[in-house]
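Thank you all for coming; I would like to take a few minutes to walk through one structure, beginning with its empty spaces and ending with a few backbone details. Please have the model open as I speak.

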Amino acid sequence: MIGPDTAGIAERLGEAADTATAIAQLAAETGLDADAAYAVQTALLQRRLARGERLVGLKMGLTSRAKMAQVGVDEVIWGRLTDAMRVPDGGSVDVGAYIHPRVEPEVAFLLDRLPEPGEPVGDFTDAVRAVAPAIELIDSRYANFTFSLPDVIADNTSAAAFVVGPWSPVPDGLENLGVLLEVDGRVAQVGSTAAILGDPRRALDEGIRLAGRHGVRLREGWVFLAGAATAAVPLRPGAHVRAVVEKLGTASLKALP
């Protein structure tokens, strides 16, 4: 039996991102399942690397009930981050470069070392050098921001850009810190780091486990986005967005008019 054309699907998704043009969902049409979708994601990454981008980390998706409910998907997923996706803290993005961009507050980890072969997954959290407030800009390449689980996995979990605030030592109580998402100085979302699988460190365990199924090991110096603490909100031209995480500080970005 011939499987899905992963290279062809990756090219369609890559073109959609490059041209900011929405496309129809692909999984039902192509017979894509979750495993094949990760193969598409890998092909998308190779497409980016071929034009000079570098892999700098991983991100988790759908780690909160709010996000699962928002997009109608009920399984934790993971994707890749490249250097071209990174926006400096306080930097600007061109909304016109995306299809329907949304922003969400996150917690980022800076990895200090490689997990040892055979090391229990629960011990991996001591590999974290520092933690920071973060913002992820997501932008599904599918029309109306709707998709199945294989669709969103293939689309690199809707990853588009990210901002990381100042790094600091991991604080006590990381499992339940208050989180705000502000847009133009007004609170748009209120949440807690507890929304990230009950504790953002659990997201790291999940990321290591799930990525490992596909032969991907996390590396020293990588950024790891643990997942959104609230539902995402649309990013409008001219908006100023700030994520505030208790004990960690803030991360911000501006949308060009």
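Before I come to the pocket, one definition is needed: a helix or a strand here is a DSSP run, of at least four residues for a helix and at least two for a strand, and these elements are numbered from the N terminus. Please also keep in mind that what we are looking at is a predicted model.

With that in place, which element supplies the largest share of the lining of the largest pocket? It is S6, which contributes 3 residues, and this strand, spanning 159–164, is joined by H1 in supplying at least two residues each to that lining. The pocket holds about 220 Å³ of space, and of the 14 residues that line it, Arg-48, Ala-84, Ala-97, Tyr-98 and Ala-160 lie nearest its centre. By class, the lining of this pocket consists of 9 nonpolar and 5 charged residues, with no polar ones.

Let me turn from the pocket to the cavities, of which there are 4 with a volume of 30 Å³ or more. The largest of them encloses about 160 Å³ and is lined by 17 residues, with Ala-17, Leu-44, Arg-48, Arg-141 and Asn-156 lying nearest its centre. You will have heard Arg-48 named for the pocket as well, where it is again among the residues nearest the centre. Helix H1 (6–19), helix H3 (34–50) and strand S2 (77–82) each give at least two residues to the cavity lining, and H3 gives the most, with 5. The composition of this lining is 7 charged, 6 nonpolar and 4 polar residues.

Now to the packing. In soluble globular proteins, nonpolar side chains tend to be buried together. In this model the largest nonpolar core has 52 residues, and those with the most contacts inside it are Leu-13, Phe-109 and Phe-224; H3 is the element that gives the most to this core, with 6 residues. A second core, separate from that one, has 19 residues, including Tyr-98, Leu-137, Ala-161 and Ala-251. As for Phe-109, if we set aside its neighbours within four places in sequence, its contacts include Val-128, Trp-167, Leu-174, Pro-200, Leu-204, Trp-222 and Phe-224.

Next, the strands towards the end of the chain. Strand S12, residues 249–255, pairs in the parallel sense with strand S3, residues 91–93, over 3 bridges, and within that pair Ser-92 stands opposite Lys-254. S12 is also joined to strand S11, residues 240–245, by 6 bridges, this time antiparallel, with Val-244 opposite Thr-250. The hairpin of S11 and S12 has 3 residues between the strands, and in it Lys-247 takes a positive phi near 70 degrees.

That brings me to two further positive phi values, both in residues other than glycine. Is Ala-20, in terms of accessibility, exposed or partly exposed? Ala-20, which sits in the loop between H1 and helix H2 (27–30) and has a phi near 50 degrees, counts as partly exposed because its relative accessibility is 26%. Asn-144, by its phi of about 65 degrees, is the other case; its place is in the loop between strand S5 (128–138) and helix H5 (149–154), and Asn-144 counts as exposed because its relative accessibility is 66%, where the cut-off for exposed is over 50%.

How values were computed
Residues numbered from 1 in each chain as written. Predicted model: local features only at pLDDT ≥ 70, side-chain atom pairs only at ≥ 80, totals over all residues. Heavy atoms only, no water. 1 Å grid on protein atoms, 1.4 Å probe; cavity = no way out; pocket = protein on both sides within 12 Å on 5 of 7 lines; lining within 4 Å. Points joined across faces, edges and corners; volume = space filled by probe spheres on them. Nonpolar A, V, L, I, M, F, W, Y, C, P; charged D, E, K, R; others polar. Core = buried A, V, L, I, M, F, W, Y, C linked by side-chain atoms within 4.5 Å. Buried < 20%, exposed > 50% of the residue type's maximum accessible area, 1.4 Å probe, protein only. Contact = heavy atoms within 4.5 Å. Pairing = 2+ DSSP bridges.
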